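Please open the structure in your viewer and follow this tour one selection at a time.

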Number of protein chains: 2
Amino acid sequence: MMNPHLYCVIMAGGSGTRFWPASRRDRPKQFLPISGRLPMIAETQARLEGLVPIERVLVVTAESQVDLVLQAIPTLPRKNVLAEPAARNTAPCIGFAAFETLRRDREAIQVVLPSDHVIAPVEEFQSTIEDGVAEAQCGETLVTFGIRPDHPATGYGYIEVGPRTCHHGGSEVFSVQAFVEKPSRKEAEGFLSSGNFLWNSGMFVWKAKAIENALREHLPEIPVAFERYSSGAPLDEVYSNLPALPIDTGVMERASNVRVLPIEYSWSDVGSWAALPELHPADESGNHPVLSEGGLLVTEDSRGCLAYAEEDEVIALIGVENLIVVRAGNATLVCPRNRAQDVRRIVDRLEREGKHFL
Amino acid sequence: MMNPHLYCVIMAGGSGTRFWPASRRDRPKQFLPISGRLPMIAETQARLEGLVPIERVLVVTAESQVDLVLQAIPTLPRKNVLAEPAARNTAPCIGFAAFETLRRDREAIQVVLPSDHVIAPVEEFQSTIEDGVAEAQCGETLVTFGIRPDHPATGYGYIEVGPRTCHHGGSEVFSVQAFVEKPSRKEAEGFLSSGNFLWNSGMFVWKAKAIENALREHLPEIPVAFERYSSGAPLDEVYSNLPALPIDTGVMERASNVRVLPIEYSWSDVGSWAALPELHPADESGNHPVLSEGGLLVTEDSRGCLAYAEEDEVIALIGVENLIVVRAGNATLVCPRNRAQDVRRIVDRLEREGKHFL
């Protein structure tokens, strides 16, 4: 049975360049079918089905991306899209969502999710969310979810786990010792061997009232700004004065009522093209096609390549291995899978030499 | 001073697949800017400037490609485009051109050129053509041009040179011992070391009357067919009965009045993508961009790559070497430079799996 106070907030303000040329300034990663057949944001919403009805799903995004959101999730009511006049990182975004949710339901509980992660299976995801909801409801706590690391990743923030406080359903609940920003390789190896650190998934569950209280305590300018908005101040004026802060450092590190639920299911923030071969199984040729409608991959003597293309496009590979080949818009990218992180260097170059290709 | 009887026939009937995906069924290689900024056929015409005025340039092409010819050479009179209703190799094509040229000028001398070769410098090309014209005019001979081989190529036909017969301008003229089809590697090595074999360039000079006589002697069905056309028979009916034969085996091998002029300038039939890096110098990054208006190549740690793209396209390469990367139409090709000949295998696959990409 659905909890009638349960809301979901999907944060879709990202503007990453790591998926250039598929992702562009005006179409970031969350609007691309990178992880499956649907845009990532649509897959995020689909993952909530049976848990939160579409009427209680809010999406926070940039003003310029409202139409993209509505195209990606056609059933989403227009009034559930919260358009930020400026990008101010996650703390103001969460403040905006808390303000709007409380306006609709003073008893609301929020599941806050990034729009561009890959999670499976859905059943385990939903069951840990339900456990998180139980925890947030009983304890008035701010609940985070931590992924058990299987390698010393340096691209994620970590959560240092404190003592166990209780359990809900199949989930143990722990207090949080510390939030740690992206570590060095050496630190990450220490975290992995200690067994006491989890990757910070960026997903949260809390009562809207609880996060509002925490904001009021640690970043009071945010609730104050939305009160001004409520009294008639224009949103863009309100936003222009807000600090650009992540919720992790702005609130979670400072608050005393933070908890973490370790989660065991498959999770990826899909940080670069190099993450895609794991998400898309190889075809009979041993390559990984990520194609849209009407697309075709034709290969001769090629293995381990990721081929991404838009509708009605063919990619032909002869005698190559472990390459990333991306065709999107007016651009073509070719690089070895182990150089995917250097796409940002191409983006930097285009900033100077060919902005219109960004 | 221009010879008022000198005509040029550009043969543009080719439909090669070796430049897929840039070349397509409806846009073969000669209509692509592969060797320079202009389509190859336009560069072929430009190479005649000062030697043959556009009013005396005839282009023989497929009916479906008449518009492409006129787009590529906008100054060409429509009546100078001879549209073949069917592809019948070079002998009928040359018969058609001889028929049409003689209709205009009984004293015509023809320079017959493929539309898709690269030749430089223009001055040397024109001076050997003038020498060939002198030979054809004095001797009533069928003149071919042979390139001195610098490696044992197996992709060209060869001409075995006979005794020297005379000279014109800076050119020696030789009789021809034999025409040899594409040889094996071993044979080609023998040809190279003997010093007595030249590559068959596929370029000819002759009096229109001389080639008509030779056709009448060796392939009489061809002049007979064009006489029927002249008497009112429809061209497509006439063509459907013609043999599909190259002029080399159909006439040149059998005729006794064939001569060859060795030429020393730079010549290439540009047989595959692998030929392009030689024609397009490397940029400061060490890669070979072959881009149209508005195009851009951006590279990081990449060398020796050929990047071909259409207008307003960017190609980005990271950490790759000696690759061919082609973006054209709805298709992207990636292969090492030494695998370019295998593009035909992709084309074969598409014949079965994705004809609409051909």
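In which sense do β8(B) and strand β10 of chain B pair, and over how many bridges? This is a predicted model, and in it β8(B) and β10 (residues 258–263) of chain B pair in the antiparallel sense over 2 bridges. To see one of the pairs of residues, select B:F174 and then B:V260, its bridge partner in β10(B).

Stay with β8 (residues 171–180) of chain B and add β7 (residues 158–168) of chain B, which runs antiparallel to β8 and is joined to it by 8 bridges. Select B:H168, whose bridge partner in β8(B) is B:S171, and then look at the hairpin of these two strands, where 2 residues lie between β7(B) and β8(B) and where B:G169 takes a positive phi near 55°.

Next, go to a sheet that draws on both chains: an open sheet of 6 strands with mixed pairing, in the order β13(A)-β15(A)-β17(B)-β16(B)-β14(B)-β12(B). Select β13 (296–300) of chain A and β12 (288–291) of chain B, which stand at the edges with a single partner strand each, so that one side of each is left without a neighbour in the sheet. From one strand to the next, the twist averages 10°.

At the chain A edge, β13(A) pairs with β15 (residues 314–318) of chain A in the parallel sense over 5 bridges, and A:V298 has A:A316 in β15(A) as its bridge partner. Finally, select helix α11 (residues 343–353) of chain B, which packs on the sheet and touches β13 and β15 of chain A together with β17 (331–336) of chain B; the direction of α11 makes about 140° with that of β13(A).

Notes
Residues numbered from 1 in each chain as written. Chains lettered and ligands numbered in written order. Predicted model: local features only at pLDDT ≥ 70, side-chain atom pairs only at ≥ 80, totals over all residues. Pairing = 2+ DSSP bridges. Helix = DSSP H or I, 4+ residues; strand = E, 2+ residues; numbered from the N terminus. Axes fitted to C-alpha atoms, helices over the stretch in contact; angles between N-to-C directions. Contact = placed C-beta atoms within 7 Å.
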